[in-house]
Amino acid sequence: MSIGQHNSDLNHDGHDDHHGHSHGLVDPSIVRSKAGVKAVTLSLAVLLAASLVQFFVFLISDSVALLTDVIHNGGDALTAIPLGIAFLLRSRRGERWAGYCVVAVILASALLALVQVVERFVHPQTPTHLWALLVAGIVGVVGNEIAAVIRWRAGRRHDSPALIADGNHARADGYVSAGIVVSTAFIALGVPIADPIIGLLITALIFHTTWESWGTIRRG
C-alpha cells in the first residue's frame, strides 16, 4: 500500500494482532475484498497525481527536498503493481516477486536521491520558484490526506483494520510532505541549506522503510 510498515501478524487463534504498512506485499484482507482493492487503487491514483505535480515543480525549482518527496509519494503509487497482480492472479508468489521489483525500484531511486542531496551539500544552490515549491508541498500534504480519508472510510465501512492502518500511514506521509513547506519557508528567510537537510531526512526515511519492506517480503 505505501512506503512504510505493511505487514500483518496473526496470533494462534488466527486473528490480527497488528496491521502495519509496507511496500511490496499487500495485506491479504484487502486483496480478498473488491471494495478494499478499489479503495487502495483510488488512493494510489491520488498519490500518483500528486507525485506528477510535484515532479513538474521539481523540474523548474530544482529543490532536492522536493525530489525526495516525489520519490517518497511515488513509491506509494508503485505498490499498485503488486496489488494488481495479487488481485488479478490470486497469486501470493507473483505478488512477492512484484514486491521485490517495487522495493528494488524504490531503493534505486533513493540512491539517486542521496547522490543529489550530497551534491547539493557540496555545491549549494538555492531553489527557485518558491511559490510553486510551496504549492508542491501543499499538494503532497493534501494528496496524502485524501488517500488517508479514502482508506479510513473504506476501512470503517468494511471493518478492515489493514485499511485503517493504511490510512494512518498516509496521514503520516502527509507530515513528511509538510517538510517541503517548512523548507520553502527557510529558503525564503535566506537559509537555503534547509533544502538538502530536509532532503537528507526524507531520504533516510525512504531507506529505512525500504529495508523494512524487504524484511516483510522475506517473512511473508
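Helices here are DSSP runs of H or I with at least four residues, numbered from the N terminus. With that in hand, welcome to three close-ups of this predicted model.

**View 1. The cavity and its lining.** A search of the whole structure turns up 1 cavity of 30 Å³ or more. The space inside the largest cavity comes to about 30 Å³. Around the largest cavity, look for Phe58, Asp62, Val64, Leu67, Gln116 and Arg120, which form its lining. Two helices, α3 (64-78) and α5 (92-122), each contribute at least two residues to that lining. By residue class, the lining of the largest cavity holds 3 nonpolar, 1 polar and 2 charged residues.

**View 2. Helix α7 from end to end.** Helix α7 covers residues 161-188, 28 residues in total. How far apart are the end C-alpha atoms of α7? They lie 42 Å apart, and this agrees with the expected span of 40 Å, because each residue should add 1.5 Å. Follow the chain just past α7 and you meet Gly190, whose phi is positive, at about 90°.

**View 3. Helix α3 beside helix α8.** Here α3, the helix that also helps line the largest cavity, is shown with α8 (residues 194-219). Their axes come within 7 Å and cross at roughly 20°. Angles under 35 degrees count as roughly parallel, so α3 and α8 are roughly parallel to each other. As for handedness, the crossing in which α3 passes α8 is left-handed.

Notes:
Residues are numbered from 1 along each chain as its sequence is written. This is a predicted model: local features need pLDDT of at least 70, side-chain atom pairs count only at pLDDT 80 or more; totals for chains, interfaces and linings use all residues. Side-chain values use heavy atoms; hydrogens and water are left out. On a 1 Å grid over the protein atoms alone, a cavity is a set of points where a 1.4 Å probe fits but cannot get out, and a pocket is an open set with protein on both sides within 12 Å along at least five of seven lines; lining residues have an atom within 4 Å of a point. Grid points are joined across faces, edges and corners, and a volume is the space filled by probe spheres set on the points. Ala, Val, Leu, Ile, Met, Phe, Trp, Tyr, Cys and Pro count as nonpolar, Asp, Glu, Lys and Arg as charged, and the others, Gly among them, as polar. The expected span of a helix is 1.5 Å times one less than its number of residues. Axes are lines fitted to C-alpha atoms, for helices over the stretch in contact, and angles run from 0 to 180 degrees between N-to-C directions. Angles under 35 degrees count as roughly parallel, over 145 as roughly antiparallel, 65 to 115 as roughly perpendicular and the rest as oblique. A crossing is left-handed if the near helix is turned anticlockwise from the far one by less than a right angle, and right-handed if clockwise.
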